[in-house]
Amino acid sequence: MARVLLVEDDAEIRVALVRALTQRDHVVRAVGEAMTGIREVTGWDPDVVVLDLGLPDLDGSVTLSMIRAVSRVPVLIATARDTEYEIIRMLNAGADDYLIKPFSADHLAARISAVLRRATPREHPAELIEVGGLRLDLGARDATFDGEPLRLSKREFDLLAYLAARPGRVVGRRELLTEVWHTPYGGDDQTIDVHVSWLRRKLGESAAQPRYLHTVRGVGVKLVAPE
């Protein structure tokens, strides 16, 4: 199962692909405009983006460049543009694969699986971080809390791992946006607050009664082991 963001302006194609990918157990969000897709990349943190090039607000090549400025998410181009020049241009610009319309849902699903396999290393370094009852395997991207599996989204894991690697240190919001969200030009601080809130819920704490995650007003966030 993968979190798939579909950026496609044709409503009929969107509906058909959402249905087909959902039937294959993927979690799918579909949008029809480039800027909405870019916001979803930074806010929803998909595992893969399926990107059409003929979008109403921005050309897909510009959209790809903007995605690459903020994220390393795999991008699969799905378009009717079939010239060799366009294919080479998009692959050189950072696309991970290129699929020409029309195509079957099975073909798209297979390409998504292939892109995800390439994006996930088969062997992982044995790098573990432990803070109190929290244990993170950075290579395998596994997390446990008090011996129980901790189910985290990709971005939640990245945020928790970044803080856990710096226990007791207050990490500033600009640093988190740059290093975790890959948004060097700044971004929405509310995104950090939302993800910290989600992590607190999963760690069984609250902002009023923090144990691991402590917010320093106007500065940032730190992770510490409870006393």
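Helices are DSSP runs of H or I with at least four residues, numbered from the N terminus. In this predicted model, one of them, helix H8, is home to histidine 195. Is histidine 195 buried or exposed? Its relative accessibility is just 3%, so histidine 195 counts as buried. Setting aside neighbours within four places in sequence, histidine 195 is in contact with Gly43, Arg155, Glu156, Leu159 and Trp181.

How far can the model be trusted, going by the predictor's own confidence? The protein chain averages a pLDDT of 88, and 94% of the residues score at least 70. Among the elements of the chain, strand S3 (residues 48–51) comes out with the highest mean, 96, while H7 has the lowest, 83.

Next comes the inside of the protein. In soluble globular proteins, nonpolar side chains tend to be buried together. Here, the largest nonpolar core holds 27 residues, and the members that touch the most others are Leu134, Leu136, Leu159, Leu163, Leu176 and Leu213. Several elements each put in at least two residues: strands S6 (128–131), S7 (134–137), S8 (142–145) and S12 (220–223), along with helices H6 (154–164), H7 (173–179) and H8 (189–202). H6 gives the largest share of this core, with seven residues. Leucine 134 shows what such packing looks like from one residue: leaving out residues up to four places away in sequence, leucine 134 touches Ile129, Thr144, Phe145, Leu150, Leu160, Leu203, Tyr212 and Leu223. Another core lies apart from the largest one; it has 19 residues, including Val41, Val75, Ile77 and Met90.

Helix H3 (residues 60–70) has its own set of buried residues, namely Gly60, Ser61, Thr63, Leu64, Ile67 and Val70. What do the buried residues of H3 pack against? Their partners are H2, S3, strand S4 (75–79) and helix H4 (84–92).

Some nonpolar residues sit on the surface instead. Met35, Val62 and Met66 make up a nonpolar patch there, with about 210 Å² of accessible area together. Methionine 35 belongs to helix H2 (residues 34–44). With a relative accessible area of 33%, methionine 35 is partly exposed, because that class runs between the 20% limit for buried and the 50% limit for exposed.

Finally, there is alanine 114, which is placed in helix H5 (residues 105–119). Its relative accessibility is 17%, so alanine 114 counts as buried, the limit being under 20%. From C-alpha to C-alpha, alanine 114 and glutamate 175 are 33 Å apart in space, and 61 residues separate them in sequence.

Terms used:
Residues numbered from 1 in each chain as written. Predicted model: local features only at pLDDT ≥ 70, side-chain atom pairs only at ≥ 80, totals over all residues. Heavy atoms only, no water. Core = buried A, V, L, I, M, F, W, Y, C linked by side-chain atoms within 4.5 Å. Buried < 20%, exposed > 50% of the residue type's maximum accessible area, 1.4 Å probe, protein only. Contact = heavy atoms within 4.5 Å. pLDDT = per-residue confidence, 0-100. Patch = residues over 30% accessible without salt bridge, like charges linked within 9 Å, V, L, I, M, F, W, Y side chains within 5 Å. Areas by Shrake-Rupley, 256 points an atom, 1.4 Å probe, with all protein chains shown as cover. Salt bridge = Lys/Arg side-chain N within 4 Å of Asp/Glu carboxyl O.
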